[in-house]
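Biologist: I've got a fold open on my screen and some things to ask about it. Could you walk me through the atoms, one question at a time?

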Amino acid sequence: MALSGIAYRHCLAVSLALAVVSAALAEPTVEFVKVDAPLPSTNFTLTEDGETLLLAHEDKDQITAIDVKSGRLIKTFHCPAPRQLISRRNLVYALNRRDASISIVSQNKWSVLRTVPLEIGNPYYFSAPGGGSFRGRFVVTAGGRSSKKIVLVDLGDRTTRVVSSPIYFGAAIVNATGTKIAMQGDYGHSPGSANVRSMFAFGSDGKATKPKFSAPLTALDEALQQTRDNGYWFGRSRVIAEGGKPVPDLKATLVVPDMEEKLFYSLSQQRGTLTAHVYDRTFTPAGQRELTRLPIFARGKNDGYADRRPGASFVHPLAVTLDHGLYLFVYNPFAKAVYKAKTIPFDPKARLSVGQPDSLSPAMRRATVNQADLAATKPGQGQPMTKEQIVANYADAVVVISSGERRFTGTVVGPRGYILTRLATIGDAGATVQYAMRVNGRRVTFKAKADFVHASAKDNLILLKIEVPGTLPTVRFGPDDVVIKSGDPVVSIGFPTAGEPGASDVIVEAKVLDPKAKIKLSPLVKTDVSLSDGAAGGPMFNDQGQMIGLVLPRADDDWSVATPVADLRAFLEAAVKASEAATP
């Protein structure tokens, strides 16, 4: 039956509208473009928050900092022959091969603070634990082709200790928690020579103990890396379980870990696809997009990551999800350049199906929270308090949290078992909370497994929930505009040695150095006393008994910082909104 003119135009309009909607809903194409850099690059990394790209120009004695989101050049500055870069907290560390030294770079001023000589010959690769496990210690691989050694460098006490020598291998890489090192075969001699030869337990005394496993694996063309405390190592095209467990063959050209989401991406040049995968036993796909031809794979049969020239094997691809963008970075040794791709993040619902943020165990259960659960967020009326009164009122609102072999501090913000702490301190082992309650007039210590409620990698915060046989005492936040002045006294409660709650907690008195300090543009409260990493996640009070901040892991030997209460309250409000959105 023939359509009338009006009906035809109506159908045409609907068809065009549907076409527009389909195009809008189609997955975007991912394309890599060369990063605009002032000099040829020999290596790169991202800062721990993922917001700054750092390029090493070893031949030119320079480092360049570039804003990830805008691509804006921040600064190019002098550093003596930086071969490799590692970012931890608010500092960047550069391994300088020619001078056999490590330079320490400030991320606030983007300049070298000091350079520490290593007193070893030809250092060419270094690695360090991440997050809350970082203590200023590095595992350095040094030496020549036939005689290499593993060296433990501690910048805190400026000591250098040989862990193993002589040995014939390519590199030693420490895991994210600093408890194991993977020793890989030499590069550049035959296919598969970069296999993991052995995995050693790595003690706090710097000694490598009995091998955990010795597993020849599928050929790898670059050094491994471990970006998260979840047991997975990344090679060029394979993901390897720390315990030697078999993992799916992704048949990928590259695998790229995301520094923020609990996802990684497999890039297939042959299929022209980029696939997001969840960290689970089968690496469940969370979405797929079309991938255009990569310029770094345009040189014959070998791609850029199969280049056998010295140094090419030690540059890791990385990805980061920031706000509304997913950014991927890879290195092309032929062009001595870094290539960047930007696309929209994968479906938030797909990411939510992971159940936890990047570093947490898939076995960790989820919990929800509502505003009524968070008694601490209601601003409390301040009144003058001594240190002893603060401790008497709030010591039982401070708990010990265990994750694997690590112990740190948590702060009770909800009487039904809601606890605020630092995300970076919790690993793939999940978390166990040790807390104290009054039972029939007696103080009794309990332990409980923690559930995950909400987390923010950007703010380094996580909200946990435990089941308690009653209610817990909570801290009381000060108002967002609480007045903090330089010289004001503050009190912190924490567990640097992780004893029982209320028994071996350490109460630290300090003075505010800067109430509006900033590290990488994040507002912080800075005090004149250095707190140990075990105290991270503990509360900081003013002399009115109001909580004014949550302690960060140790930032410096002479001072410490805390996230201000306004940011803590905003995080908890976001947790409530996320729970409401997830509840049918």
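Biologist: Leaving aside its neighbours within four places in sequence, which residues is A276 in contact with?

Modeller: One thing up front: this is a predicted model. A276 sits in strand β22, which covers residues 273-278, and its relative accessible area is 0%, so A276 is buried. Skipping neighbours within four places in sequence, the contacts of A276 are F264, Y265, T284, P285, A286, G287 and F346.

Biologist: How far is the C-alpha atom of A276 from that of P345?

Modeller: Along the chain, A276 and P345 are 69 residues apart. In space, their C-alpha atoms are separated by 9.8 Å.

Biologist: F346 was on your contact list for A276. Which residue has its charged end over the ring of F346?

Modeller: Look at the ring centre of F346: a charged end sits 3.9 Å from it. That charged end belongs to R289.

Biologist: Let's zoom out. What share of the chain's residues count as buried?

Modeller: The secondary structure comes to 4 helices and 39 strands. Among contacts between residues at least 6 apart in sequence, 53% join residues at least 24 apart. The accessible surface is about 24,900 Å², with 52% of that belonging to carbon and sulfur atoms. Of the 584 residues, the share that counts as buried is 58%.

Biologist: Which helix gives the most to the largest nonpolar core?

Modeller: As a rule, nonpolar side chains in soluble globular proteins tend to be buried together. Here the largest nonpolar core has 57 residues, and V413, Y435, L463, I466, V475 and F477 touch the most other members. The helix that gives the most to this core, with 6 residues, spans 565-582 and is α4.

Biologist: And how many residues are in the second, separate core?

Modeller: A276 turns up again here, as the second core includes A276, V278, V330 and A337. The size of that separate core is 20 residues.

Biologist: Back to L463: which residues is L463 in contact with, leaving aside its neighbours within four places in sequence?

Modeller: L463 belongs to the group that touches the most other members of the largest core. Beyond four places in sequence, the contacts of L463 are V369, V413, Y418, I419, L420, D451, F452, V453, H454, F571, L572 and A575.

Biologist: Y418 is on that list. How far from the ring centre of Y418 is the charged end of K465?

Modeller: The charged end of K465 sits over the ring of Y418. Its distance from the ring centre is 5.4 Å.

Biologist: Is P469 buried or exposed?

Modeller: P469 lies in the loop between β33 (461-465) and β34 (489-494). Not counting residues up to four places away in sequence, P469 touches Y435, M437 and F446. Its relative accessibility is 58%, and the cut-off is over 50%, so P469 counts as exposed.

Biologist: Then P333: buried or exposed?

Modeller: P333 is in the loop between β25 and β26. Its C-alpha atom is separated by 8.5 Å from that of S41, 292 residues apart along the chain. At 8% relative accessibility, P333 counts as buried.

Biologist: K336 is in that loop too. What is phi of K336?

Modeller: K336 is found between β25 (325-332) and β26 (337-343), and it is partly exposed at a relative accessible area of 32%. The phi value is positive in a residue other than glycine. For K336 that phi is near 50°.

Biologist: Now the rings. What is the angle between the planes of F126 and F138?

Modeller: A pair of aromatic rings is described by the distance of the centres and the angle of the planes. F126 is in strand β10 (residues 123-127) and F138 in strand β11 (residues 137-143), and both residues are buried. The pair is stacked, at 5.2 Å centre to centre, and the angle between the planes is 15°.

Biologist: Last one: which side chain does the side chain of T563 join through a polar contact of 2.7 Å?

Modeller: T563 lies in strand β39, residues 560-564. With a relative accessible area of 7%, T563 is buried. The polar contact of 2.7 Å joins the side chain of T563 to that of R422.

Notes
Residues are numbered from 1 along each chain as its sequence is written. This is a predicted model: local features need pLDDT of at least 70, side-chain atom pairs count only at pLDDT 80 or more; totals for chains, interfaces and linings use all residues. Side-chain values use heavy atoms; hydrogens and water are left out. Helices (H or I, at least four residues) and strands (E, at least two) are DSSP runs, numbered from the N terminus. Buried means under 20% relative accessible area, exposed over 50%, partly exposed in between (1.4 Å probe, protein chains only). A polar contact is a pair of N or O atoms within 3.5 Å; within protein, one must be able to donate a hydrogen and the other to accept it, and residues adjacent in sequence count only if both atoms are side-chain atoms. Contact means heavy atoms within 4.5 Å. A nonpolar core is a set of buried Ala, Val, Leu, Ile, Met, Phe, Trp, Tyr and Cys residues joined through side-chain atoms within 4.5 Å. Accessible areas come from the Shrake-Rupley method with a 1.4 Å probe; for residues, only the protein chains shown count as cover. Rings of Phe, Tyr and Trp (its six-membered ring) pair if their centres lie within 6.5 Å; planes under 30 degrees apart count as stacked, over 60 as edge-to-face and the rest as tilted. A charge sits over a ring if NZ of Lys or CZ of Arg is within 6 Å of the ring centre and within 35 degrees of the ring normal.
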